[in-house]
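Hi everyone, thanks for coming. Today I'd like to walk you through some aromatic rings, so have a look at the screen.

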Amino acid sequence: MGLPALEFSDCCLDSPHFRETLKSHEAELDKTNKFIKELIKDGKSLISALKNLSSAKRKFADSLNEFKFQCIGDAETDDEMCIARSLQEFATVLRNLEDERIRMIENASDVLITPLEKFRKEQIGAAKEAKKKYDKETEKYYGVLEKHLNLSSKKKESQLQEADSQLDVVRQHFYEVSLEYVFKVQEVQERKMFEFVEPLLAFLQGLFTFYHHGYELAKDFSDFKMQLTISIQNTRNRFEGTRSEVESLMKKMKENPLEHKTISPYTMEGYLYVQEKRHFGTSWVKHYCTYERDSKQITMVPFDQKSGGKGGEDESVTLKSCIRRKTDSIEKRFCFDVEAVDKPGVITMQALSEEDRRLWMEAMDGREPVYNSNKDSQTEGMAQLDIIGFNIIKKCIHAVETRGINEQGLYRIVGVNSRVQKLLSILMDPKTASETETDICAEWEIKTITSALKTYLRMLPGPLMMYQFQRSFIKAAKLENQESRVSEIHSLVHRLPEKNRQMLQLLMNHLANVAKNHKQNLMTVANLGVVFGPTLLRPQEETVAAIMDIKFQNIVIEILIENHEKIFNTMPDMPLTNAQLHLSRKKSSDSKPPSCSERPLTLFHAMQSTEKQEQRNSIINSSLESVISSNANSILNSSSSLQPNMNSSDPELDVLKPTRPSSLTPFRKAKALYACKAEHDSELSFTAGTVFDNVHPSQEPGWLEGTLNGKTGLIPENYVEFL
């Protein structure tokens, strides 16, 4: 389990759980800092002490092997898992190099030591400075708070008001410092995933260059190196996206902290000072208290940030009554009395302010009037999944596919907002919206049309794939097995309402057409996932944890695009005939071409050609026709929703059935257009530009057979061109 996410909303609450979570992040940063210092020391001794080369390399390798990454969140992407195990892979390489005893590289300081020192000084050092500032402000705020709460209620009203104003200023400054510190801690935790590993990768690459006898080892390492480079780039790209989202959320929290409070399982929670009787008199002890109205349970946890945390055992009582304490009956302000069913006597508590006391008494059904300050201000958008909505989306899709399917950066480049709003107002005009034959005029730019489509989807009352299924789709994307991911998402799609599923199918068919033209428009399946993931699967609550899950939203959209025909044109978990089971096994084993969602593609402009998609379409269509012919009655009886998909006259929903090239010239040379990593022993791994000998058709559809460095194996047909 990774580190829990630090929520900005907890900064204001400053609960014990928040402090413990913050401590775990601080401990991880200290651990990383100590490790980097040790790593730098080891690297310098490796450069300067050639006579102790063997022992220095062994220690360096052991250090790498012992360190384990802690990622934020409850699951890791394939890229993060690749990066997490990279240090162990590096350690294995260094142990094997121990036997060579050749001169160490001369530029190790530039590629290894300097970046690590820079990261440690600029990032971890900045986090330490932020911690000092945060600790200082914590002590200052709670000191002022205690002094403020100890003011006698008999003082002049003007003095009390001035004291309240001073406390508000100190509290606001403490809150801002807390938000900035949490933001910096989150940033450093994310940065280390690439700024820490990347220098190590460069250092190892230098070793391979200067070690003549390590040539064979470098060849063995090249496959993982390629995968790790892609993973680092993908992680960096995701970081840039999530960092801007987190920073935006932090700014919103600064402007309106009350509007972004985390939904709590308790009716009320916060700090209260509880009066306790001692031998020498009475004292006020700070507790973090929670109250649950259904069970009437009050839980009190003694906790003081200045003294180092928890100061005693938790105590729980059952509420009997709550009565506001009169001002003239006690010297303290903001007090109220609580009677418990299971504890004799009266518990006197002091709130942090008059408003805080009102909220506590309201929650406990005290004498204060009940006032509900949490009003639902959410308004429904004008967009709907009706005939008008479908016509708008169809018109936009038709315009894109007929006029701009090859435009670079399609859907990624946004239009001018005023133009987008004007186009939407025209499309949503009830007088013209129902006209299906009217096309969008050629005067509208493609980027304006694509932005209008995305904006309309965001204007729906809820996301197209629905709030209630959002977590289920994310969990499906986190499954380890690709086949399981597709199967679970297939099942979830068919649980969506009919109109949502029809609109999603219309959109995925279109995005698949866009991806087929990625060589021209540069929009691969992975890029389309980045664009549409947050739109179709936006979470109901905007939190740091939700932002960290954006990468899994993108994976869901990639799977929907790549498998749109299977997901929308077949029912989930449908029984297969023996012939179909054989076909399914064949597809999922040796003959399975590399998938976009299994291997990230952001480093390349193109990884999947039209022929590859055509081959998939041909296989899926033939399998679908067999299912329909053998199970027609059962399908019609169990789900009428399949009929419009199979017999639709709507051109946007038609299934394309391209044919596979009829022949290939046998035994020729071929050159690799893209890099590919083998997933089975029968396949070949290669990089872009590799030349193969004796290339000829194989018995597996979509694959060729060729020879590379004396080894014969399978090559994806659409990854090469003949010379």
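Let me start with a definition: a charge sits over a ring if NZ of Lys or CZ of Arg is within 6 Å of the ring centre and within 35 degrees of the ring normal. Keep that in your pocket for a moment. One more thing before we go: this is a predicted model.

Okay, so who meets that rule? Lys 478 does, lying over the face of Phe 552 at 5.1 Å from the ring centre. Lys 286 is another case: its charged end sits over the ring of Tyr 271, 5.2 Å from the centre of that ring.

Now for rings that meet other rings. How many aromatic pairs does the structure hold? There are 13 of them. Take Phe 60 and Phe 203: the ring centres are 6.0 Å apart and the planes sit at 80°, so we call this pair edge-to-face. The cut-off for that label is over 60 degrees between the planes. And look where the two partners come from: Phe 60 is in helix 3, residues 53-66, while Phe 203 is in helix 8, residues 197-210. That's 143 residues apart, so the pair links distant parts of the chain. Both Phe 60 and Phe 203 are buried, too.

Here's another pair to hold against that. Tyr 141 and Phe 174 are stacked, with 5.0 Å from centre to centre and just 10° between the planes. This pair also links distant parts of the chain: Tyr 141 belongs to helix 6, residues 108-149, and Phe 174 to helix 7, residues 157-195, with their positions 33 residues apart. Are these two buried or exposed? Tyr 141 is buried, and Phe 174 is as well.

And they have company. Which residues do ring pairs link into a cluster here? You can find Tyr 134, Tyr 141, Tyr 142, Phe 174 and Tyr 181 in it.

Last stop: two aromatic residues with a backbone quirk. Phe 334 has a positive phi, about 60°, even though it isn't a glycine. You'll find Phe 334 in the loop between strand 5 (315-324) and strand 6 (335-340). Why does Phe 334 count as buried? Because its relative accessibility is 8%, and the cut-off for buried is under 20%.

Tyr 411 isn't a glycine either, and its phi is positive at about 75°. Tyr 411 lies in the loop between helix 11 (387-403) and helix 12 (417-427). With 1% relative accessibility, Tyr 411 counts as buried.

Notes:
Residues are numbered from 1 along each chain as its sequence is written. This is a predicted model: local features need pLDDT of at least 70, side-chain atom pairs count only at pLDDT 80 or more; totals for chains, interfaces and linings use all residues. Side-chain values use heavy atoms; hydrogens and water are left out. Rings of Phe, Tyr and Trp (its six-membered ring) pair if their centres lie within 6.5 Å; planes under 30 degrees apart count as stacked, over 60 as edge-to-face and the rest as tilted. Helices (H or I, at least four residues) and strands (E, at least two) are DSSP runs, numbered from the N terminus. Buried means under 20% relative accessible area, exposed over 50%, partly exposed in between (1.4 Å probe, protein chains only).
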